[in-house]
Amino acid sequence: MILTLVILIGFGAVAEWFLPWWSIVVVAFMVGAWCCDSYRDAGIVGFSGVAFLWMAVATYIHLSSHGILTDRIALMFRMPAGWTVLLLTTLFGGLVGGLASLTGFMFQELRFGPRRD
Amino acid sequence: MRWLRCFLALTGLVILTVSLNRPVGRMPPFGKFLDPFHGFWRNAELSDDTFGRHLHLQGLEQPVALFYDERQVPHIFAQREHDLYFMQAFVTAKDRLWQMEFQTNAAAGRLSEILGPSLLDYDRHQRRTGMTYAAEQALQELQKDPQMIAILQAYSDGVNAYISTLAPTEFPLEYKILDYAPEPWSPLKCAYLLKYMAWKLTGRSNDVQMTNVLRRFGPEIVQSLFPDTPDKTDPVIPPGTVWHFKPVQSRKPAAPFTPTVAQDLPKFQPNSANGSNNWAVNGSKTASGYPLLANDPHLDLTLPSIWYEIQLTGPNVNVYGVSLPGAPSIIIGFNQKIAWGVTNSEADVLDWYQVTFRDVSRKEYWHDNQWKKTHERVEKIYVRGAATLLDTVVYTHQGPIALRGGEGVSGERTQREYAMRWAGHDPSNEVRTFYELNRAGNYGDYVAALKKYACPGQNFVFASHDDDIAIWHDGRFPIRWQDQGKFILDGSDPLSDWQGAIPPEQVPHVKNPSRGFVSSANQKPTDESYPYYLGANFAPYYRGARINEWLRTSRNLEPDDFRVIQLDTKNLHAESILPTLLRIVGGQTLTPEQKAVFEVLRNWDFFNDAAKMAPTVFDRWWRMLYHNIWYDEFGDPSLAVPDRARTVELMLRQPAARWFDDVRTKKVETLDEEVRATFRKAILQLRQSLGDMGETWQWGKYKGTSIRHLARIPGLGEKGLFTDGDLGIINATGRHHGPSWRMVVSLGSEVEAWGIYPGGQSGNPGSPHYNDFLDVWLHGELAELLFMQSKNDDQGRVRSKTTCTPK
């Protein structure tokens, strides 16, 4: 599962660097379809992979910019502080990634039939 | 079955992704916006954002040197005029692209295109007041001046060169929040920006409300409550100045015109507080023996700020000052030989004409005893998420029909339409004036530059290192008969049309007056000897009189003294009336609380300092009293209300006037009763909203200045700033409005200058330079401006150097 995570984070980062934001949905879908063994696996990998990727990049930006912008965006969303925007970003990334991987895994099942661990 | 399930899941995923890619109501598209690779995160500045050592730019003709100083102000050294304005646009766009475009879209009535149907009313207003027409007229006129159109083209190319470097990921933050993209710049957008400013400064008009007062109360009361000349004046041009010219005569209609009572009122009026201070003294009043000049324009305070600081050095020009993002040149600034500044003239250049159409088709209207043809412009308004709207605007020779009164009064309807005559619609070439001012070396150059100026009329203050000082109340002002344009005019009578403009050399002006100083604060420009009528809505005497008091009594002035004057908070309005109010209240028995408040007021020195409580009490008390005096008879929003200076005059001179009685009660109230009642009520209200008298009553807290984001996006502005001053005070800092740029220039062999504005050079909320000037501004300090004399003159303050070369 660690390897799957690394694949998702690695390919996800490369895809996002060159392609629009929704490329992460495609990557998570493909990881779910090709690299996962169960729904549980796909859900966890998809969620934590994209959540981690988004959190890592956002945290780096947040810290190196002293949170100037994060605090303002928090005010814009009427949320209490900058770190809540960080949390929101992480959750959103995780949610999108998890759903994409789960859908991907569904297609894997279609090809190979349901698996039993 | 499993196929179906997969298909459904996939559809769900696609729908989710697509919907995260779109804005939700007023919220940004969540997926796109939160993604740290593309979304808002990318707008956070991780290091100081300047260009590298080299920049290759398509469109440059020769290499250009670009420096940024430690305040993030760009200094451009170009060898060609084209390159100078190309680079001005390029660096301005880098810091302010979204603002530049948004302001021009606001002027053009194109906001519903970005923000959706809620802005439709605003856009329609912009179209109906002829902003599109005005900008096209301006551009047509500019096209007759090949040098200026070349500059505007160079400026446009510079903006577009910057836009072409941007990937969508790098778009300024507001594009991502509102989910749209920048479009190419063109000279027409510069024209829109100039009209945006012209409207802000001359678009306000109370002709309709004054007409309604005239109809309801008659001419005597108009004369008494809305006099053309207030009792107290301290005009811009020193009283007694002799006019050495033969004025052009105007012809007045034989009989006065009685307009119908208008029901619609002009909408989206600019802020009535828009105004400014400027002044200059010659060497006889300074320690250095050379002139000093100061200027602080009072406008809506926004982030990004309306001003952008820059130094422009090129062939025959080396000038520093503030520019308007979206227009070439410096608007307020200085060069090695001269300095200049502006305040709004407040002369009346917008009138309303009652138009009679032949029939409902509005194809013909009655003028000069015949039916004349109107012409139509079809305005196309694109609306985000809704159908495109076509709006037909009818024009008479006066201007667009911008006000349509009395809908529903069938049969009469065609009688009640109003054409707007506005100086902003006339062809003019203000770009040329600022181009020449930037290069002016003496008084003659300055006057030559001003002769081409039209709208918005300004008091241009001037000082030169030859020790000349001057002020010209400059612009193209219509020749009017007395009170022409105070009320709605007869649209069928040629004698009610504007009869040409005051010749440029006959506008109010003075050079080197014997008093050794010149000043302006939007007050009436002249005494009664000036032969032309300019309007009746000038600012009251307060700021002008206070500035003149300072300058009259000062000797050996240092530049820092000018800063101190800019920060002066003496409230002349309070000084004029509060002692009388306290005398009325003083004879009464007061509760201990009232007694305490009374003492605070009695010990007040009339300075509106943020930490004092007296200004808060006085403000609340005065507002309540003013409301009680006028709102029984003038509460209808379609009526003009006498201003506070006139109200004070009445209270002092005619305390028994009928206005002090509340006509809604049977009893006859006296002024004294009103004063006492409002004193008690004001204290009660303050206690209810702020608690017992104490820190919460401090003026700075009660007023609480905020600087809002230009598009009012929450979180991107600043709130609750603790500031001195108020409207009608030299330091005119109000709730959302105030000194948008403060500048002091010391001329002489070496020019020195100081300045600050409440914002920062960067328009990016994710940059430390978004608001880094704010603290300095709040503390009443000015920054020393780096005026480089050559490329090598960095004075240890240049932080980055970039060589820009043609690609």
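These are my notes on chain A of a predicted model and on its contacts with chain B.

**Entry 1, fold of chain A.** I first looked up the secondary structure and found five helices and zero strands in chain A. Read from the N terminus, the order of elements is α-α-α-α-α. I then took the extent along the principal axes: the C-alpha atoms of chain A fill a box of roughly 50 × 25 × 25 Å.

**Entry 2, burial and contacts within chain A.** Of the 117 residues in chain A, I noted 46% as buried. I also examined the contacts in chain A with a separation of 6 or more, and 72% of them join residues 24 or more positions apart.

**Entry 3, helix α4(A).** I listed the buried residues of this helix as L69(A), T70(A), R72(A), I73(A), A74(A) and M76(A). The list includes R72(A) and T70(A). I traced the packing of the buried residues of α4(A) to α3 and α5 of chain A. Just after α4(A), I recorded a positive phi of about 55 degrees at R78(A).

**Entry 4, the side of chain A that touches chain B.** I counted 28 residues of chain A in contact with 31 residues of chain B. On the chain A side, the elements that give two or more residues are α1 (2-18), α3 (39-64), α4 (68-76) and α5 (82-112). Which element gives the most to this side? I found that α5(A) does, with ten residues. Sorted by class, the side of chain A that touches chain B has 22 nonpolar, four polar and two charged residues.

Definitions and conventions: Residues numbered from 1 in each chain as written. Chains lettered and ligands numbered in written order. Predicted model: local features only at pLDDT ≥ 70, side-chain atom pairs only at ≥ 80, totals over all residues. Contact = placed C-beta atoms within 7 Å. Helix = DSSP H or I, 4+ residues; strand = E, 2+ residues; numbered from the N terminus. Nonpolar A, V, L, I, M, F, W, Y, C, P; charged D, E, K, R; others polar. Buried ≥ 20, exposed ≤ 12 C-beta atoms within 10 Å, placed from the backbone.
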